[in-house]
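Thanks, everyone. I'll keep this short. Have a look at the model on the screen, and then I'll walk you through it.

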Amino acid sequence: MRKIKIVTDSSSDVLSVGYEHFASAPLKIITSEREFTDNAELDVSEMVSYLSSYKGKSQTSCPNTNDWLTAFGDADDVFCITITSGLSGSYNSACVAKRIYEENPDKRVFVIDSLSTGPEMYLIIEKLEEYIASGLAFEEICEKISEYQKNTGLFFVLKSVRNLANNGRVSSILAKIIGIAGICIVGKASDVGTLETIHKCRGEAKAIETVFAELEKSGLKDGKVSIGHCQNETAANNLKSLIEKKYKNARVEIHSLRALCSFYAERGGLLVGFEKI
Ligand code: X90
């Protein structure tokens, strides 16, 4: 029997799955005083509190090739899913790790660029588990998961884009607009895996209604929805209720974001992954 493993970076917020062969390669959040490794041991809410009063420089770093090789471990077949290559070097270092790993001709690695992060990666990981459990061949899983990925998407609601702007992931002009109290942005992961701002909303309630309308426009039906939040379970539950009221068979799951997504989504932020079918 070949050992099949699912490997992700910590931007997926997934620390463990039902399937036994799984590993997460942590990203890091670095300030001039402290360094946070995004793994199961980290107290994310303590980090978020610390960052909310920290005024200095901060940045993040993705897993390097060695980190990925460690995560692949001794598996024969690896399905490796990364944060979008549009915003991070994680996908690139995973591809280098794949080339090294496959110098052994018995090993196979399929690297998936999520073109997204967090909850959309969560849905892709769940689907991989399903395909592996049903005993599909490696090539079939590669094909099917690529198809599945075309039918998932990610929206977000953010109250601050300070950390995104400071790290060059969105424009500083946008950061200033959002800095105005009470303004939330609603946006989505673009087709090339970058942030696309769609609306600037006054107040969280309006932002939740808006993201629901956008989800519907993009094909939300009775499929799966995954909501990740940074210390904002109330907003996550409000969105869940809106969805379930109209789509009785939708399966909506809520979880707390881990460190990397919390750092960029910031306190109050929501990320929403969904199936378009
Ligand atoms: O390599 C690194 O250091 C990681 C850089 C990650 C940068 C962006 C993370 C965004 C997290 C913010 C809203 C959702 C955006 C989705 C766009 C594809 C969450």
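The chain has 10 helices and 13 strands. Keep in mind that this is a predicted model.

Start with overall dimensions. Along the principal axes, the C-alpha atoms fill a box of roughly 55 × 50 × 30 Å. How does the radius of gyration fit a compact globule? For 277 residues, such a globule would come out near 19 Å. The chain has 18 Å, so the two agree. As for burial, 53% of the 277 residues are buried.

Now the ligand. There are 19 residues around it. Which come nearest? Thr60, Cys62, Ser88, Arg169 and Ala189 do. Two of these deserve a closer look. Take threonine 60: one of its polar side-chain atoms is 2.6 Å from an oxygen atom of the ligand. Then serine 88: here a polar side-chain atom is 2.7 Å from a ligand oxygen. How much of the ligand does the protein cover? On its own, the ligand has 550 Å² of accessible area, and the protein covers 98% of that.

Next, serine 10. Find the loop between strand 1, residues 4-9, and strand 2, residues 22-25. Serine 10 sits in that loop. Buried or exposed? Its relative accessible area is 2%, and the cut-off for buried is under 20%. So serine 10 is buried, loop or not. What does its side chain contact? A polar atom of the serine 10 side chain lies 2.9 Å from the backbone nitrogen of leucine 27.

On to the far end of the numbering I'll cover today. Glutamate 275 is in strand 13, which runs over residues 270-275. At 6% relative accessible area, glutamate 275 counts as buried. Now compare sequence and space. Leucine 215 is 60 residues away from glutamate 275 in sequence. In space, their C-alpha atoms are 9.6 Å apart.

Last stop, the surface. Look at helix 7, residues 172-179. Isoleucine 173 is in that helix. Why does isoleucine 173 count as exposed? Because its relative accessibility is 60%, and exposed means over 50%. Isoleucine 173 also has company. Together with Ile177 and Ile180, it forms a nonpolar patch on the surface. The accessible area of the three together is about 280 Å².

To recap: the protein covers 98% of the ligand's own accessible area. Serine 10 and glutamate 275 are buried. Isoleucine 173 is exposed. That's my tour. Questions, please.

How values were computed. Residues numbered from 1 in each chain as written. Predicted model: local features only at pLDDT ≥ 70, side-chain atom pairs only at ≥ 80, totals over all residues. Heavy atoms only, no water. Patch = residues over 30% accessible without salt bridge, like charges linked within 9 Å, V, L, I, M, F, W, Y side chains within 5 Å. Areas by Shrake-Rupley, 256 points an atom, 1.4 Å probe, with all protein chains shown as cover. Salt bridge = Lys/Arg side-chain N within 4 Å of Asp/Glu carboxyl O. Helix = DSSP H or I, 4+ residues; strand = E, 2+ residues; numbered from the N terminus. Buried < 20%, exposed > 50% of the residue type's maximum accessible area, 1.4 Å probe, protein only. Near = heavy atom within 4 Å. Polar contact = N/O pair within 3.5 Å; in protein donor to acceptor, adjacent residues only side chain to side chain. Rg over C-alpha atoms; globule rule 2.2 N^0.38 Å.
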